[in-house]
Amino acid sequence: MPPARKAQISARKQPQQARSADLVAAILQAAVQVLTTEGAQRFTTARVAEKAGVSIGSLYQYFPNKAAILFRLQSDEWQQTTTLLTGILDDQSRPPLTRLRALVNAFLQSECDEAAIRGALDDAAPLYRDAPESKEAQARSRRTMLAFMREALPGATPAERARAADLIKTTLSQVGKHFSDTPRSRAEIKAYAEAMADMFCAYLEQASAGRTRTRRGS
């Protein structure tokens, strides 16, 4: 028996004119509204088209199914997060630990600001979790973090840097998701972010100091 075909998640075509771009923007805006109010289980192309005020045929010109719409929303979110991460961590005018602290603050604030849409997209993740685009987005984020670790831990081995990058990235993601499940004030977000940043900075300082002691003792 042949394996079941996976749903297409790539957009059928890219808008070439301003009018088409406006149509796609309206569809995506409507999709966010439907997703946050109805949830992933009740998310349909028909509901999105109705909310956007367009025909289902117009929607299908750009998105073949609901998975394609959800994946576009998720891709946009990944792009925003990667741009945020890269812009902060690549800023070599500031010391590495200062950049890391800024990243934690910005990331946690972003998680709380967009908690509703992120939660709904998490529910829809099985539709596109294994897509090549998904893996590439994760790879881009990992490359940025590893490049940062080469600055933050210059004396560490590649394996040690990879472990530090994975620990910080995973902790940020999981704690951010849990923390943003509850509405938070700006003061709460700031205090929590600073506490997380303190832990990460202490970890990197200890790791760097340990490598220095090892080199001196050798």
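**Close-up 1. Pro96 and its contacts from farther along the chain.** In this predicted model, set aside the neighbours within four places in sequence and Pro96 still touches Phe148, Glu151 and Ala152. One of these partners, Glu151, sits 55 residues away along the chain, yet its C-alpha atom is 6.8 Å from that of Pro96. Pro96 itself belongs to helix α5, which covers residues 96–113. Is Pro96 buried or exposed? Neither, quite: its relative accessibility is 23%, and since buried means under 20%, Pro96 goes down as partly exposed.

**Close-up 2. Helix α4 crossing helix α6.** Here α4 (residues 66–89) and α6 (residues 115–124) bring their axes within 10 Å, crossing at roughly 125 degrees. That angle is why the pair counts as oblique, and the crossing is left-handed. Who does the touching? On the α4 side we get Leu70, Leu73, Gln74, Glu77 and Thr81, while α6 chips in with Arg118, Leu121 and Ala124. Sorted by class, that contact comes to four nonpolar, two polar and two charged residues.

**Close-up 3. The buried face of helix α2.** Which residues of α2 (residues 45–52) are buried? They are Thr45, Val48 and Ala49. Look down the axis of α2 and these buried residues fall within an arc of 95 degrees, so they line one face of the helix. The general rule behind this kind of pattern: an α-helix has 3.6 residues a turn, so residues three or four places apart point the same way. Just past the end of α2 comes Gly53, with a positive phi of about 75 degrees.

Terms used:
Residues are numbered from 1 along each chain as its sequence is written. This is a predicted model: local features need pLDDT of at least 70, side-chain atom pairs count only at pLDDT 80 or more; totals for chains, interfaces and linings use all residues. Side-chain values use heavy atoms; hydrogens and water are left out. Axes are lines fitted to C-alpha atoms, for helices over the stretch in contact, and angles run from 0 to 180 degrees between N-to-C directions. Helices (H or I, at least four residues) and strands (E, at least two) are DSSP runs, numbered from the N terminus. Angles under 35 degrees count as roughly parallel, over 145 as roughly antiparallel, 65 to 115 as roughly perpendicular and the rest as oblique. A crossing is left-handed if the near helix is turned anticlockwise from the far one by less than a right angle, and right-handed if clockwise. Contact means heavy atoms within 4.5 Å. Ala, Val, Leu, Ile, Met, Phe, Trp, Tyr, Cys and Pro count as nonpolar, Asp, Glu, Lys and Arg as charged, and the others, Gly among them, as polar. Buried means under 20% relative accessible area, exposed over 50%, partly exposed in between (1.4 Å probe, protein chains only). The arc is that of the directions from the helix axis to the C-beta atoms.
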